[in-house]
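Got the model open in your viewer? Keep the selection box handy, and we'll go from one stop to the next.

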Amino acid sequence: MSALRDRLLARWETLLVLLLGAFLVLGTSLSPYFLSASNFSDMTSNLMEKAIMALPLALIIIAGEIDLSVESMAGLSSALLGFVFLLGWPLWIAIPLVLAVGALGGLFNGLLVTRAGLPSLVVTLGTLALYRGLASVVLGPQSVSGWPAWFTNFGFGDVPGTLIPWPFVVFAVLAAAFMFVLHRTWIGRQIFAIGKNKEAARYSGIQVAKVKTLLFVLSGTLSALAGVILTARFSSARADNGQGFVLDVVTATLLGGVNIFGGEGTIAGVVLAVFVIGVLRNGLTLADVSPDTQSVVVGALLIVSVAGPTAVRRIRSAWSSRRFVQSASNR
Amino acid sequence: MVRAVEAAVPSNLAGRIGLERTLALVARLRELGIVLALVAIVLVVAIQAPLFFTVSNFEQILLSVALIAIVAVGQTTVVLTRNVDLSVGSVVGLVAFVTGDLLKEHVVGVPVAILAGCVLGLGLGALNGLIITVGRVPAIVATLGTLNIYRGLAFLIAGGKQVSAIDLPNSYLRIASSSVLGVPTLIVCAVVIAAIAAYLLRYSGTGRQLYAIGSNPAAADVVGIPSQRLVFGAFVLCGLLAGVAGVLWGSRFGTVNASAASGLELQVIAAVVIGGVNIFGGSGTVVGAVLGAVLLGTIQNALTVLHLSQFWLQAIDGAVILLAVGTDAAIRNYFQRILTRTGRR
């Protein structure tokens with residue numbers, strides 16, 4: 001059973017690689033500019049905030065919950081960073097402070113889900129509105145600029161001598177750490193166990209509430225980090241930074257093969273899916289499709305990435321049961 | 001089959017029925033609670049700002065609540081079945097724009113445009129329903145997808161244009177500004193829709209079946225309730241009512257662009273959960289949801305009257321969602337604990 005599942009997952013990731021290849025070919029045919037190193041560098045740096053948010057979200061969905069508040073936490077973090085920067089605080093205090101607020105926001109989500117027993121869907125829908133609202137309370141409609149050069153350079157600069165954007169380095173380190181923890185350690189096995197069967201996990205001694213709360217804290221912290229990177233990349237702190245990101249982040253996670261009902265998924269799949277969405281959006285942008293209209297395609301991709309595997313499973317099981325009936329009647 | 005029925009009927013039947021009765025009573029008290037909260041807010045704000053306590057201001061509040069209330073009625077039927085529709089804001093926006101655009105370009109007359117808007121809403125709701133029931137996609141994923149698809153379509157159709165009040169025929173704009181026996185038509189529409197839905201959910205067989213699906217899906221299957229068809233129906237109804245709200249939106253505001261009514265879904269969901277509709281499905285009333293919408297609208301209006309920053313609006317939407325579901329969970333847990341304790345004795 002487990003070998004079968006591994007083979008299926010392997011196949012899912014193969015599918016993603018094929019999809020990525022297809023979009024690359026499509027992009028190349030759309031614009032000669034598409035297949036250039038600088039375009040790839042730009043595309044990657046545009047993606048990294050969403051990619052960083054998708055990593056903890058993958059763990060949360062594998063554990064059977066969801067976090068819709070990530071984009072608002074990024075906005076709140078950006079607004080708060082701008083606010084304390086205006087107060088004249090140095091960034092080496094401001095950034096850890098913002099990350100701590102992100103952790104607190106995640107803790108709030110986590111406690112409402114695990115201690116109060118509320119569904120994460122409703123809790124994070126509430127904090128999606130709450131954190132975005134607080135962001136506009138903190139900063140209002142203004143945008144804060146005048147950031148130090150090292151900070152903005154971290155946002156849209158490249159590692160010296162290469163075309164690798166700095167945020168990609170952050171993402172690569174995080175992705176490697178997530179991959180190791182989820183697939184090679186007991187923590188990862190606990191997360192899978194919680195998502196497969198919460199009760200069984202609890203009876204086998206896993207502290208379900210604690211693990212889930214920590215995952216929400218992680219999600220809040222990394223969403224705040226994404227907000228910091230967004231601020232650096234745009235050289236501007238705004239309350240509406242990151243608005244609408246939730247679609248791409250959830251799509252990347254589910255397209256990456258994470259089961260929406262929990263218990264299944266790989267970081268490699270999520271990383272691949274992030275780039276599938278990035279290449280798709282980049283290609284559409286080069287084809288002069290506005291970002292709002294691109295959402296039609298990404299929204300459809302989200303639905304298909306959940307409906308597709310379900311349909312395949314149903315067809316396969318219907319087919320095998322028919323074969324079973326036929327072989328039984330032949331006998 | 002037999003084992004499934006046994007599983008559906010709890011061993012401590014008397015205790016269970018007692019619990020259900022108490023929870024029903026709590027739900028009724030809960031509507032009273034919203035009314036009391038409303039009265040309290042009105043009194044406090046009226047003392048601070050006499051301008052608040054005028055007939056014209058209350059009319060203003062109800063006018064802004066009417067559209068949200070209509071959508072909240074549809075959302076209630078969906079939430080009762082243990083689902084959620086995040087796409088309602090986009091449906092309202094898309095329908096408002098398409099209806100306005102049809103009238104602006106003089107493609108059709110006012111009655112046909114209104115009908116087209118309603119049918120479009122119904123179709124968008126049906127697509128949601130199909131993805132969820134036939135495609136077996138969880139409602140949250142399906143409607144997060146269509147939230148963006150429908151909004152994207154609005155941008156695609158609009159292409160940067162917008163519809164202004166001068167482009168629209170007077171007979172269309174008059175729908176929102178006219179009144180029936182002194183009561184604004186918008187409010188009449190909302191009340192009639194809510195009354196019909198409340199009656200059907202309370203007394204019709206289909207209405208009761210919707211509650212059954214939400215409170216125990218497995219038992220609903222066992223007794224032969226066509227769950228999938230009813231969930232599909234709930235989404236169709238939700239889409240239709242969002243379509244009606246979209247048509248009225250265009251009439252009320254006159255100016256419609258592709259981002260009209262974006263974020264409305266959060267206000268609608270806030271209204272529904274404040275109104276005591278259980279987010280786990282199976283309990284709650286349309287009257288509660290409408291009262292929830294009125295409470296939310298009153299708070300928003302009070303902020304304006306008291307000259308508090310408009311930036312608080314969204315934060316308040318979020319806070320009341322959390323407060324409402326948190327309070328409900330606390331009350332439910334409290335009674336469950338008390339009743340299971342007496343049941344054991």
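Start by colouring chain B by secondary structure: you should find 14 helices and two strands. Helices here are DSSP runs of H or I with at least four residues, strands are runs of E with at least two, and both are numbered from the N terminus. This is a predicted model, so local features need pLDDT of at least 70 and side-chain atom pairs count only at pLDDT 80 or more, while totals for chains, interfaces and linings use all residues. For your selections, residues are numbered from 1 along each chain as its sequence is written, chains are lettered from A and ligands numbered from 1 in the order in which they are written, and side-chain values use heavy atoms, with hydrogens and water left out.

**Chain B as a whole**

Zoom out until chain B fills the window. Along the principal axes, its C-alpha atoms fill a box of roughly 70 × 55 × 35 Å. The radius of gyration of chain B is 21 Å, in agreement with the value near 20 Å for a compact globule of 345 residues. That radius is taken over C-alpha atoms, and the globule rule is 2.2 Å times the number of residues to the power 0.38.

Now colour chain B by accessibility. Buried residues account for 51% of its 345 residues; buried means under 20% relative accessible area, exposed means over 50%, and partly exposed is in between, using a 1.4 Å probe and protein chains only. If you draw a contact map (contact means heavy atoms within 4.5 Å), look well off the diagonal: among chain B contacts between residues at least 6 apart in sequence, 79% join residues at least 24 apart.

**Select Gln75(B)**

Gln75(B) lies in helix α3 (residues 55-80) of chain B. Is Gln75(B) buried or exposed? At 0% relative accessibility, Gln75(B) counts as buried. Show its surroundings, leaving out residues up to four places away in sequence, and you get Val84(B), Asp85(B), Val88(B), Cys238(B), Val268(B), Ile269(B) and Val272(B). For a distance check, pick the C-alpha atoms of Gln75(B) and Gly121(B): they are 13 Å apart in space, with the two positions 46 residues apart in sequence numbering.

**Cysteines, then a backbone oddity**

Select the cysteines of chain B next. How many disulfides does the structure hold over all chains? The count is zero, where a disulfide is a pair of cysteine sulfur atoms within 2.5 Å. Cys118(B) shows what is going on: the closest cysteine sulfur, in Cys189(B), is 10.0 Å from its own, which is too far for a bond. Cys118(B) is buried at 17% relative accessible area, whereas Cys189(B), at 24%, counts as partly exposed.

While you're in chain B, jump to Arg136(B), in the loop between α5 (110-133) and α6 (139-158). Arg136(B) isn't a glycine, yet its phi is positive, about 55 degrees. Its relative accessibility is 38%, so Arg136(B) counts as partly exposed.

**Over to chain A**

Pick helix α3 (residues 70-86) of chain A. Its end C-alpha atoms are 24 Å apart, which agrees with the 24 Å expected for 17 residues at 1.5 Å a residue; the expected span is 1.5 Å times one less than the number of residues. Of those 17 residues, 15 are buried. Following α3(A) is Gly88(A), with a positive phi near 95 degrees.

Back up to Glu65(A), in the loop between α2 (37-62) and α3 of chain A. Glu65(A) is buried, at 13% relative accessible area. Its side chain makes a polar contact of 2.6 Å with the side chain of Ser120(A). A polar contact is a pair of N or O atoms within 3.5 Å; within protein, one must be able to donate a hydrogen and the other to accept it, and residues adjacent in sequence count only if both atoms are side-chain atoms.

**Last picks**

Select Leu81(A) and Phe171(A): of the 214 residues in the largest nonpolar core, these two touch the most other members. Such a core is a set of buried Ala, Val, Leu, Ile, Met, Phe, Trp, Tyr and Cys residues joined through side-chain atoms within 4.5 Å. Beyond neighbours within four places in sequence, Phe171(A) contacts Met48(A), Ala51(A), Ile52(A), Leu55(A), Val271(A) and Phe275(A).

Finish at Arg281(A), in helix α12 (residues 267-286) of chain A. Arg281(A) is buried, with a relative accessible area of 15%.
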